[in-house]
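Student: I would like to go through this model one point at a time. Please show the sequence and the structure before we start.

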Amino acid sequence: MSKTALITGVTGQDGSYLSEFLLAKGYEVHGIIRRSSVDYRERIAHLEGKPHFHLHYADMSDSMSLVKLVGKVQPDEIYNLAAQSHVQVSFDAPEFTADVDAVGVLRVLEAVRTNHLEKTCRIYQASTSELYGKVEEVPQSETTPFHPYSPYAVAKLYGYWIIKEYREAYNMFCCSGILFNHESERRGETFVTRKITLAAARIAHGKQDCLYLGNLDSLRDWGYAKDYVECMWLILQHEKPEDFVIATGIQHSVREFATLAFRHAGIELRWEGEGIEEVGVVKNLTPSSPQEREPGKGVKIGDIVVRVSPDFYRPTDVVNLLGDPSKAKRELGWNPQKTSFEQLVQLMVEHDMRKVTHEHYNLAEYLEKGIVK
Ligand code: NAP
Ligand code: GDD
């Protein structure tokens, strides 16, 4: 008998990879989409119409829609990935973020209880390394104290605790995956990694002059999203409901990410100045770079291609995330370094180099044809 999964946030980066993963395992996959004036869902368009993939309208801020849907689908597993997931945006829209990211989790749990599925339905909650915030120890593990440092993180902290509460109060199989940053070619374009890889590709092709970033010193433990969705599933297959840190155990700065991304785009950078005055200058162009192929087009040695802008500083910023994935390695048998940092940056840049040079680039079509993984 195939299992039935319900994914909230199915249109997002993780939702799209998880859908593919579960479909490949033989699941019946149901996803929640919300009404928007533009009905274009590029990350999952290649899955629409497949016999075991179903989409339903609902919203994390609408309990009735969730209760009805859970009753209709009768899921064996729920993956609660839906969220206003951008930390900086949470400072501008803190109430919406709390409604979706905090109370939304409660609504999912209550939808399961209202439908009397608490004994059979397992729930995965997309928790986050942002819970560690103003970190109290490095590296961070399942026992590190939380110190949330943004409206997003505070909302997610509620999600974490309400999951734990329902596990203890009602004996429900609900767990948090405390995931550190994970990126991919499908990452939203305003998160720092994708912003950098897209800009490096555009700059290399003479389609953008300069990239403006915020805190270059910020440190993150970056993994590949496609590897991380496997862990979400493993957490729900574990014999008992527990929380797990999912991370690579390796840390890099935003500056290091940018240096490597530009290198893959054929531009060697050198950094000059400090703080708000720091700039990334073109030190060299590699022979295979687009500029070398098309003389006169694109950047030249000595050009400033990265600048710092206070617009991208946050009122409070989380600057030292490094996860300890020992428990996931030991108890789930998960390999935290399946895709290395270098491979991750390379695959994102290669994808964006293709994106900026193909006039009619269409992610859905590329996913359908297997050009983008
Ligand atoms: P994402 O690409 O931003 O996707 C977020 C998803 O949530 C989208 O499908 C979005 O739908 C949906 N959503 C937002 N508000 C909703 C609402 N009111 N009702 C229904 N759906 C709603 O995020 P992601 O990177 O895939 O991350 C997935 C989850 O993991 C999030 O909860 C995030 O906070 C958490 N997380 C992510 C990372 C990471 O590094 N990626 C790390 C730790 C935790 P639309 O397409 O309609 O906007
Ligand atoms: N977005 C962005 N844009 N971030 C920048 C920029 C910029 O121009 N310049 C520097 N940064 C710094 C941010 O200040 C932050 O310290 C770091 O780069 C990473 O920012 P994001 O890529 O926006 O990700 P995040 O770490 O804040 O949040 C992501 O990871 C969390 C897990 O730790 C999101 O996916 C969250 O949903 C997730 O929970």
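Student: By class, how many nonpolar, polar and charged residues does the shell around ligand 1 have?

Tutor: This is a predicted model, and the counts are computed from it. There are 24 residues around ligand 1. By class, the shell divides into 10 nonpolar, 9 polar and 5 charged residues.

Student: Which residues come nearest to ligand 1?

Tutor: The shell to search holds 24 residues. Arg34 places a polar side-chain atom 2.8 Å from an oxygen atom of ligand 1. The nearest residues are Thr11, Arg34, Leu81, Ser85 and Tyr152.

Student: Which atom type of ligand 1 lies 3.1 Å from a polar side-chain atom of Arg187, and how much of the ligand does the protein bury?

Tutor: Two contacts reach oxygen atoms of ligand 1: a polar side-chain atom of Arg34 at 2.8 Å and a backbone N or O atom of Ala83 at 3.1 Å. For the polar side-chain atom of Arg187, the partner at 3.1 Å is a nitrogen atom of ligand 1. Taken alone, ligand 1 exposes 900 Å², and the share buried by the protein is 87%.

Student: Which element gives the most residues to the shell around ligand 1?

Tutor: Three elements each supply at least two residues: helix 1 (13-24), strand 5 (122-128) and helix 5 (151-170). The element that gives the most, with 3 residues, is strand 5.

Student: Where does strand 5 sit in the order of its sheet, and which strands are at the edges?

Tutor: The sheet is open, has 7 strands with parallel pairing, and runs in the order 3-2-1-4-5-6-11, with strand 5 between strand 4 and strand 6. An edge strand pairs on one side only, and here the edges are strand 3 (53-57) and strand 11 (244-246). On average, neighbouring strands of this sheet are turned against each other, direction ignored, by 20°.

Student: Which residue in strand 6 stands opposite Thr128?

Tutor: Strand 5 pairs with strand 6 (residues 174-179) in the parallel sense, over 6 bridges. Thr128 is also among the closest residues to ligand 2. Opposite Thr128 in strand 6 stands Leu179.

Student: Which residue has a polar side-chain atom 2.6 Å from an oxygen atom of ligand 2, and how much of that ligand is buried?

Tutor: The backbone of Ser85 has a polar atom 2.6 Å from an oxygen atom of ligand 2, while the side chain of Glu130 has an N or O atom 3.5 Å from one. The polar side-chain atom at 2.6 Å belongs to Ser218. Ligand 2 taken alone exposes 710 Å², of which the protein buries 96%.

Student: Which elements give two or more residues to the shell around ligand 2?

Tutor: The shell holds 25 residues, with Thr128, Ser129, Tyr152, Ser218 and Arg314 the closest. By class it has 10 nonpolar, 9 polar and 6 charged residues. The elements that give two or more are helix 6 and strand 8.

Student: What is the strand order of the sheet with mixed pairing, and which strands are its edges?

Tutor: This sheet is open and has 4 strands, in the order 8-15-14-13. Its neighbouring strands are turned by 25° against each other on average, direction ignored. The strands that pair on one side only are strand 8 (211-213) and strand 13 (267-272).

Student: In strand 14, which residue is the bridge partner of Ile267?

Tutor: Strand 13 and strand 14 (residues 279-285) run antiparallel and are joined by 6 bridges. The partner of Ile267 is Leu285.

Student: What angle does the direction of helix 8 make with that of strand 13?

Tutor: Helix 6 (residues 192-204) packs on the sheet against strand 8, strand 13 and strand 15 (304-308), and its direction is at about 160° to that of strand 8. Helix 8 (residues 254-264) also touches strand 8, strand 13 and strand 15. The angle between helix 8 and strand 13 is about 150°.

Student: Which peptide bond is cis, with omega near -5°?

Tutor: Most residues other than glycine have a negative phi, and most peptide bonds are trans. His116, in the loop between helix 4 (94-114) and strand 5, has a positive phi of about 55° although it is not a glycine. Pro139 lies in the loop between strand 5 and helix 5. The cis bond runs from Val138 to Pro139.

Methods. Residues are numbered from 1 along each chain as its sequence is written. Chains are lettered from A and ligands numbered from 1 in the order in which they are written. This is a predicted model: local features need pLDDT of at least 70, side-chain atom pairs count only at pLDDT 80 or more; totals for chains, interfaces and linings use all residues. Side-chain values use heavy atoms; hydrogens and water are left out. A residue is near a molecule or strand if one of its heavy atoms lies within 4 Å of it. A polar contact is a pair of N or O atoms within 3.5 Å; within protein, one must be able to donate a hydrogen and the other to accept it, and residues adjacent in sequence count only if both atoms are side-chain atoms. Accessible areas come from the Shrake-Rupley method with a 1.4 Å probe; for residues, only the protein chains shown count as cover. Ala, Val, Leu, Ile, Met, Phe, Trp, Tyr, Cys and Pro count as nonpolar, Asp, Glu, Lys and Arg as charged, and the others, Gly among them, as polar. Two strands pair if DSSP finds at least two bridges between them. Axes are lines fitted to C-alpha atoms, for helices over the stretch in contact, and angles run from 0 to 180 degrees between N-to-C directions. Contact means heavy atoms within 4.5 Å.
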